[in-house]
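Ready for some practice in reading a structure? Grab a pencil and work through the exercises below.

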Amino acid sequence: MRHMIFGESHGPAIGVVLEGVPAGLELDLERVQWELDRRRPGKDPTATARKEADRVEVLSGLFAGKTTGAPLAMVIYNSDQHSKDYESIRYIPRPGHGDYAGFIKSRGAQDYRGGGHFSGRLTAPLTAAGAVAKQVLARKGVWVGAHISSIYGICDAPLGELEEMKNVVNKPFPVLSDAKGEEMRQAILEAKEQQDSVGGAIECAVYGLPAGLGAPDFGCNVEGIFAQYLFAVPAVKGVDFGAGAAFSLMRGSEANDPFAVEDGRVVTTTNHAGGVNGGITNGMPVVFEATIRPTPSISLPQQSVDLRTGEETEIEIHGRHDPCIVPRAVPVIEAAAALAACAVLGI
Ligand SMILES: Cc1cc2nc3c(=O)[nH]c(=O)nc-3n(C[C@H](O)[C@H](O)[C@H](O)COP(=O)(O)O)c2cc1C
Ligand SMILES: C=C(O[C@@H]1CC(C(=O)O)=C[C@@H](OP(=O)(O)O)[C@H]1O)C(=O)O
């Protein structure tokens, strides 16, 4: 399946066209909407105050409740744009955001309002596409789920078993340890109070992929395929598989995953490799962690440049922003992983 996301945060609508969706899938649109509701802005003081209903409408590729195999187009209308928030900073790029890079790439012609096509808002259609991918995967016995693994150094309990993870994704603040979740929320609110922001990480697992998918080579490597989908999520600045960066602190005797036989099937007793060896799935869950940067738009004064005069200047950003992107990005990371898993399966 290939997808193309369109729209701008302050334009009339955002959406996605999904090509190659298998025909005959009874699409559960309520489930697609449920995924969008998990990501929707304006629900909690730890998130942006922009209020959007994020109701998804299917424009094509669905007939009598089933996918037709033709491009599946989904649209979400924008309604709560405050474009004047961006007028005074039109030519003063926000440090950390896509403003400057986008200005150069589009020669100043980009829709600067609300980050335009660079906005995290464009992850709503990605979430919808991922929700379709999850339903395609379900027919193959594959399930994707994630939790907040850390926010500003406060860590959740390690990834749970499949049943526990199925419970976590239903939570409004998706953590395994609710006590740690409360500490994380306080850290977000404290940063917000100080006109600042915090980042963190999301750990995600894909359960049910069979062993033997992928290849060691460029373009077919399972870790490479996942990374490509994940880095297309704005604010993702790192992706680690299995023990990831912690491998640098281990010895081989600690890092290797011993093989065992369970119900006649070869498994590993640990999963430090994150379900991938040699770029190929080994039958264990594919597990990765995505690092999310602190939200770029903060209201503390920062140094920038006025692109009209070429002079250094101070920028003050006022408006509605997520003091932490991580909680709302959990369904987005799952969506990117679901699309990646389809690619790995050749769907
Ligand atoms: C769900 C989500 C919400 C986001 N909310 C904001 C926000 O409120 N303010 C902001 O400046 N950036 C926000 N971002 C991040 C920016 O869109 C992102 O940092 C920017 O496009 C630059 O991309 P990069 O961080 O990948 O380099 C959000 C991202 C996501 C995924
Ligand atoms: C609207 C969403 O988040 C937005 C993501 C975003 C950014 O720069 O990424 C900036 C803000 O946009 P605005 O200034 O228009 O309120 C966030 O509210 C959303 O995620 O649906």
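Two residues are in contact if their C-beta atoms, placed from the backbone, lie within 7 Å. Helices (H or I, at least four residues) and strands (E, at least two) are DSSP runs numbered from the N terminus. This is a predicted model, where local features need pLDDT of at least 70, side-chain atom pairs count only at pLDDT 80 or more, and totals for chains, interfaces and linings use all residues. Residues are numbered from 1 along each chain as its sequence is written, while chains are lettered from A and ligands numbered from 1 in the order in which they are written.

**Exercise 1.** Check the span of helix H5 (residues 178-193).

Step 1: take 1.5 Å times one less than the number of residues. Step 2: with 16 residues, H5 should span 22 Å. Step 3: the end C-alpha atoms are 22 Å apart, so the two agree.

**Exercise 2.** Which residues of H5 are buried?

Step 1: count other C-beta atoms (placed from the backbone) within 10 Å of a residue's own: 20 or more is buried, 12 or fewer exposed, in between partly exposed. Step 2: Gly 181, Met 184, Ile 188, Ala 191 and Lys 192 come out buried. Step 3: they cover an arc of only 105° around the axis (taking directions from the helix axis to the C-beta atoms), which puts them on the same side of H5. Step 4: on the other side, Ala 179 and Glu 193 are exposed. Step 5: the cover over the buried residues includes strand E7 (143-151) and strand E8 (154-155).
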